[in-house]
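Could you walk me through this structure in plain words? I'd like to know how far to trust it and what its parts do with each other in space.

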Amino acid sequence: MLDKIIKLKSHGEAQALCGTQDANIRLIEKEFKVKLTLRNEHLKVSGTTHNIKKASGLIDYLLNAERSEQEGIGATNISNGKQIRPKTNGQREYVEAIRDYDIVFGIGPAGTGKTYLAMASAVEALKKQEIRRIILTRPAIEAGESLGFLPGDINAKISPYLRPLYDAIYDMMDAERIEKYIETGIIEVAPLAYMRGRTLNDAFIILDEAQNCTAEQMKMFLTRLGFDS
């Protein structure tokens, strides 16, 4: 029995190749009568020379297809050029939908990248000058416990509710640039209640935690969209 080692570029690439619960690995092993072993982003293919050649050809094809998709989809960080890429097919479809459609609803469990990828897409659009500003909003609803009355001016009062949006954008841009953009209105973070009566043109608008909106609030938000938003 012979062995061939195929080096993978990343853990994400290994996940994509293996499939859900290693379904792709088992299918290749069954079809080509080979043994596949994955260790630290190195895939070992064991079997006869003929079977290894056939299995390796399919694996190379799958890897090239995955790499081509990843190279075509990615949101670039405007502060340091870091690539923020979708890690799953669902995230990839989500990013593609954001680019292709004016209005996109992202539905999924907590921690699946809904807000983060939307923010990355907004930063990318701002960098490419496809929009003139980014509007971030969410309903000011507490998570199970009441905070009571908060001290300070209006910005200090609403800041705790909008902190998740700040966390995402500070991860993609340097603080100095964010402060400059906020001061000049290029980036605006505001509670949903302040959207009434506005018309938002040339903007990338993200409504976070939209499941907490009432039907009236959702209708109000959707009618705020102006030209090229």
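Here's a short tour covering confidence, a pair of helices, a pocket and one residue.

First, the ground rules: this is a predicted model, where local features need pLDDT of at least 70, side-chain atom pairs count only at pLDDT 80 or more, and totals for chains, interfaces and linings use all residues. Residues are numbered from 1 along each chain as its sequence is written, and side-chain values use heavy atoms, with hydrogens and water left out.

So how sure is the predictor? pLDDT is its confidence in each residue, from 0 to 100. The chain has a mean pLDDT of 80, and 83% of its residues reach 70 or more. Helices (H or I, at least four residues) and strands (E, at least two) are DSSP runs, numbered from the N terminus.

| Element | Place in the chain's confidence | Mean pLDDT |
|---|---|---|
| S4 (residues 75–76) | lowest | 48 |
| H2 | highest | 90 |

Over residues 75–79, pLDDT stays under 50. Where pLDDT is low, the predicted coordinates shouldn't be read in detail.

Now the helix pair. The axes of H1 (residues 11–18) and H2 (residues 23–32) come within 5 Å and cross at roughly 55°. Axes here are lines fitted to C-alpha atoms, for helices over the stretch in contact, and angles run from 0 to 180 degrees between N-to-C directions. H1 and H2 are therefore oblique to each other (under 35 degrees is roughly parallel, over 145 roughly antiparallel, 65 to 115 roughly perpendicular, and the rest oblique). Ala16, Leu17 and Cys18 of H1 meet Ala23, Asn24 and Ile25 of H2, where contact means heavy atoms within 4.5 Å.

Next, the largest pocket, which holds about 1,300 Å³ of space. On a 1 Å grid over the protein atoms alone, a pocket is an open set of points where a 1.4 Å probe fits, with protein on both sides within 12 Å along at least five of seven lines; lining residues have an atom within 4 Å of a point. The volume is the space filled by probe spheres set on the points, which are joined across faces, edges and corners. Of its 44 lining residues, the closest to the centre are Tyr94, Val104, Ala118, Ile205 and Ile206. H5 gives the largest share of the lining, seven residues.

Thr115 sits in H5 too. Leaving aside neighbours within four places in sequence, Thr115 touches Leu165 and Asp208. Thr115 and Ile169 are 54 residues apart in sequence, and their C-alpha atoms are 9.9 Å apart.

Key
pLDDT is the predictor's confidence in each residue, from 0 to 100.
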